[in-house]
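Trainee: I have a model open and would like to talk it through with you. Could we take it question by question?

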Amino acid sequence: MEAGIVGLPNVGKSTLFNALTNAGAVAANYPFATIDPNIGVVPIPDPRLALINRYIETQKVVPAVLRLVDVAGLVRGASKGEGKGNAFLSAIRDVDAVIQIVRCFDHAPGGEEIVHVDGSVNPVRDIQTIESELVLADLQTAENARAKAERVARSKDRDALARLAALDVVQPALEEGRPARIVEIHDAEARRGLGLINFITTKPILYVANVNDDDVNGEGPYAQAVREHAESHDSVMVPVCARIESELAELDEADRAEMLADMGMDEPALNKLARAAYSLLGYQSFYTAGPKQIKAWTVKTGTKAPQAAGVIHTDFERGFIRVEVYSVHDLEELHTEKAIREAGRMRIEGKDYAVHDADVCHFLFNV
């Protein structure tokens, strides 16, 4: 599960990335500070892991993770190569989702002036700038894909024909400045063809309103504008004060709890951000639990048992026989797997079983 972090220069993107990954020093406050994408891994907060560990002893507990690609600040004209734009855009073509950081403060704490690349703070304009660049980048992708697909389609190649069917629907929208994600495609082959073209704007977007420390809940007019935009585009906004989060990331557990209490926060906002990204992508967690480790595994909702087993190891999918499964709720109620089995709650499921969120699984396989 991977997300690309994008935003205009000087919106707090690198501060947030460093807080998320606890990566240390924050990049300097000027455009293009991060030329090559940084990669970070963020654990998904999951209290169910502690609950499982309460009843099953283990050597280690491993959460699910969100892999982050920190893409340097985009600017107007990035799709044409401005500000190393092509390199930045290519960095997010393979991610599952886009996290856009939007500046929602006039001055940094203490009154420090941070110059906005467009001269003034306007969150919705900033969102539209980024989206326009991504749409323009996709339009270039569409034009290149069409030229290639038209050549190959002469031999009646099925994939090329599917790509052309998708382009016939999506390309006009891109030409009108609309992202590919909002285009309805009813033809099954065209939908398949869309999956063969690496468009950026098919990816879901999570908006992060980077607020000042006097607006941690995102109730100010800037953050509210981002929230309304997100809701109108079937997306989600999470308010985050990157400065506070970067300070919290450096503290030990006791000091972090004290600072959270002082700020009137029940948990770091980054926890909410990680969960929101997880939910936006349509992912769920199932678990394996034993004496060596308790681990959360990430799969798309509706994933069948053999494919879920394959996330652990390809041999598990190849030699899948069946899965023994119960829920975290069963363990919370009955406390041991032995009691779960005796109560008839340990289910035996086959290859057609769709793994559920909070399932604890024991896969049986033979290769």
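Here is our conversation about the model.

Mentor: Gladly! This is a predicted model, so local features need pLDDT of at least 70 and side-chain atom pairs count only at pLDDT 80 or more, while totals for chains, interfaces and linings use all residues. Residues are numbered from 1 along each chain as its sequence is written, and side-chain values use heavy atoms, with hydrogens and water left out.

Trainee: What pLDDT does the chain average?

Mentor: pLDDT is the predictor's confidence in each residue, from 0 to 100. In this chain, 87% of the residues score at least 70. The average is 86.

Trainee: Over which residues does pLDDT stay under 50?

Mentor: The model does have 26 contacts (heavy atoms within 4.5 Å) beyond four places in sequence for that stretch. Still, where pLDDT is low, the predicted coordinates should not be read in detail. The stretch is residues 23–36.

Trainee: Which helix gives the largest share of the largest nonpolar core?

Mentor: A nonpolar core is a set of buried Ala, Val, Leu, Ile, Met, Phe, Trp, Tyr and Cys residues joined through side-chain atoms within 4.5 Å. Buried means under 20% relative accessible area, exposed over 50%, and partly exposed in between, with a 1.4 Å probe and protein chains only. The largest core has 74 residues, and those with the most contacts inside it include L16, I52 and L273. Its largest share, seven residues, comes from a helix (a DSSP run of H or I, at least four residues; strands are E, at least two; both numbered from the N terminus), namely α10 (residues 269–280).

Trainee: Is V170 buried or exposed?

Mentor: V170 is found in helix α5 (residues 158–175). Leaving out residues up to four places away in sequence, V170 touches A180, V183, I185, L194 and F199. Because its relative accessible area is 0%, V170 is buried.

Trainee: What separates the C-alpha atoms of V170 and R181?

Mentor: Along the chain, V170 and R181 are eleven residues apart. Their C-alpha atoms are separated by 9.1 Å.

Trainee: Where does N10 lie, given its positive phi of about 65°?

Mentor: Most residues other than glycine have a negative phi. N10 is not a glycine, and it counts as buried because its relative accessible area is 18%. N10 lies in the loop between β1 (2–6) and α1 (13–21).

Trainee: And K156: buried or exposed?

Mentor: K156 also has a positive phi, near 65°. It sits in the loop between α4 (123–153) and α5. Because its relative accessibility is 66%, K156 counts as exposed.
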